[in-house]
Amino acid sequence: MSSLTEKDRPIVQLLLNTGTCPRCILRFCCVGSQMLYRQPHKDLMEDLQAFLRSSQEEGDPAFVDVADPPCKRMRLGAREEGADDLTHNGAVPQPPSAQEGSAAVESSPGKVCNVCLGVLQEFCQADFVKKVCQKVNSADYQFTSFVFSVSLPPQLSVREHAAWLGVKQQMRNLGFPLAKDDIVQLKEAYKWIIHPQLSEELGVPADGKSLFEVSVVFAHPETEEECHFLATACPDCFKPAKNKQSVFTRMAVIKALEKIKEEDFLKHFPCPPSSPKNLCDALEIQCTNGAVFVAGRYNKYSRNLPQTPWIIDGERKLESSVEELISEHLMAEFKADSFNFSSSGREDVDVRTLGNGRPFAMELVNPHRIHFTAEEMKRLQQAINDSSDKIQVRDLQLVTREAIGRMKEGEEEKTKTYSALIWTDKAIQREDIAFLDEIKELKLEQKTPLRVLHRRPLAVRPRLIHTMKSEYIDEHHFRLHLKTQAGTYIKEFVHGDFGRTKPNIGSLLNSTADILELDVESVDVDWPPTLAD
């Protein structure tokens, strides 16, 4: 085995003798050759056996037994008889002779590795890879590459730490330092082995930047309590979290292992770790696709349709919404699990949105279908428009997550144009409202309206009415066209909201005024790009 050197022989001996699998031994020998890990388990065992036999034949001086000094605990207490007691109290087992090493190799293949708990054994085999791929194919996703992720039980970190302490002590005795960071990570080694097999079976490359993720969650119930002693030794590392079922997360365990002293660790955990009876369980094999983002502009023609579902105290007030009329079709076509809707502002339930419409975006979570041609998007848009006379959608297109930020950029600096039908209690003539046309850049102070105070913080917001143009109808009605700063409350500008918006149309006309109808005529956000019909 050309990747192993003379200084690796004691590590190979020690780990084989304590029930460690060949691939974990390569990891502890800091072997970085991916191809070597992909060799069959049996071949690796035979290579390690030959490697150990060669040391005996050559009479390698580095292979001579070296007596380990007893650990601190053993100096303080009476040394007990028996190999099991010795290792459990923290002393590192001695490497066997070459013959013993050979015997260990021959007896190991059926054992579950005492470090990886079988992850680098059974779960690297073709049968498991086919099981994963069957799950992927049955889920019916569209993807052109994949990223593979693994969730390992936290006690694996404890076992790896125990094995490393043993190896470190052995190498220190021989004058070879070994840093924990030099060891090849279990996840990395597993991916070296599994990536080519998955790629061949699925017919697409593995790509760390892929949005399609295949994940495997491993568990090992037999040893799940092995990390519990760390909570007593390092209580600060284990804090309950609302979204975590257990405080013993992998990161919390790693943090505790970095903090605990070696002698304290060895008081609670055997070094080397004992061999388990059972393999890990592959609890879950999951597939998820990264979100897809669709944008467009919508017109709302109904005065009885909210933008989002209108539910108060669990009771639905109206049967549908803009969000639902659009999402129903997108969810079905993209085969997504859920969605998140956003838009450039919002209109009240009784306000229409006319003109070029209001920009919106929809995040489709975990879509099974992700590839759509421009013609297919056009047909999808038409299906939405044919389904209801309350809304219409235009410029429907796929966009990136980053592009959505443009919809929200400088939102309050944007302008919006409105048309309001206004009633006054005093009779008016055309000349009574003509002065409104001359007012430019009217500054308002708007205290949070009473009607939205339950969901918006109380604040006084400065707003601008850029221009107004009046259209006389009769003695008590006129239409007012306004161009305003985005975020201006138009209804409150008309009736004053009991003096919470100053000035207002009522105060300007020295009359009581109210708004009967309001339309949004334009939202001046240059996004998403206009598409040709």
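In the predicted model, helix 16, which spans residues 401-408, has Ala403, Ile404 and Met407 as its buried residues. These residues cover an arc of only 105 degrees around the axis, which puts them on the same side of helix 16. Their packing partners are four strands, namely strand 4 (292-300), strand 7 (338-343), strand 8 (352-365) and strand 9 (391-399).

Among these partners, strand 4 was examined further. Of its 9 residues, 9 are buried, so strand 4 is largely enclosed by the rest of the structure. In a regular strand, side chains alternate between the two faces of the sheet. In strand 4, Val292, Val294, Gly296, Tyr298 and Lys300 point one way, while Phe293, Ala295, Arg297 and Asn299 point the other way, and all are buried. Strand 4 runs antiparallel to strand 8, to which it is joined by 8 bridges; within this pairing, Val294 stands opposite Met362 of strand 8. Strand 4 is also antiparallel to strand 9, with 7 bridges joining the two. Here Tyr298 has Val393 of strand 9 as its bridge partner.

A separate description applies to the sheet built from strands 1, 2 and 3. These 3 strands form an open sheet with mixed pairing, in the order 1-2-3. The edges are occupied by strand 1 (147-151) and strand 3 (281-289), each with a single partner strand, so one side of each is left without a neighbour in the sheet. From one strand to the next, the twist averages 20 degrees. The pairing of strand 2 (residues 212-219) with strand 3 is antiparallel and extends over 8 bridges; Val216 has Ile285 in strand 3 as its bridge partner.

Two helices pack on this sheet. Helix 8 (residues 126-139) touches strand 2 and strand 3, and its direction makes about 40 degrees with that of strand 3. Helix 10 (residues 186-202) touches strand 1 and strand 2, and its direction makes about 140 degrees with that of strand 1.

The largest pocket holds about 990 Å³ of space. It is lined by 33 residues, of which Arg346, Asp348, Arg455, Arg456 and Tyr489 are the closest to its centre. At least two residues of the lining are supplied by each of strand 10 (415-424), strand 12 (460-474), helix 18 (490-495) and strand 15 (513-523).

Notes
Residues numbered from 1 in each chain as written. Predicted model: local features only at pLDDT ≥ 70, side-chain atom pairs only at ≥ 80, totals over all residues. Heavy atoms only, no water. Buried < 20%, exposed > 50% of the residue type's maximum accessible area, 1.4 Å probe, protein only. Arc of directions from axis to C-beta. Contact = heavy atoms within 4.5 Å. Pairing = 2+ DSSP bridges. Axes fitted to C-alpha atoms, helices over the stretch in contact; angles between N-to-C directions. 1 Å grid on protein atoms, 1.4 Å probe; cavity = no way out; pocket = protein on both sides within 12 Å on 5 of 7 lines; lining within 4 Å. Points joined across faces, edges and corners; volume = space filled by probe spheres on them.
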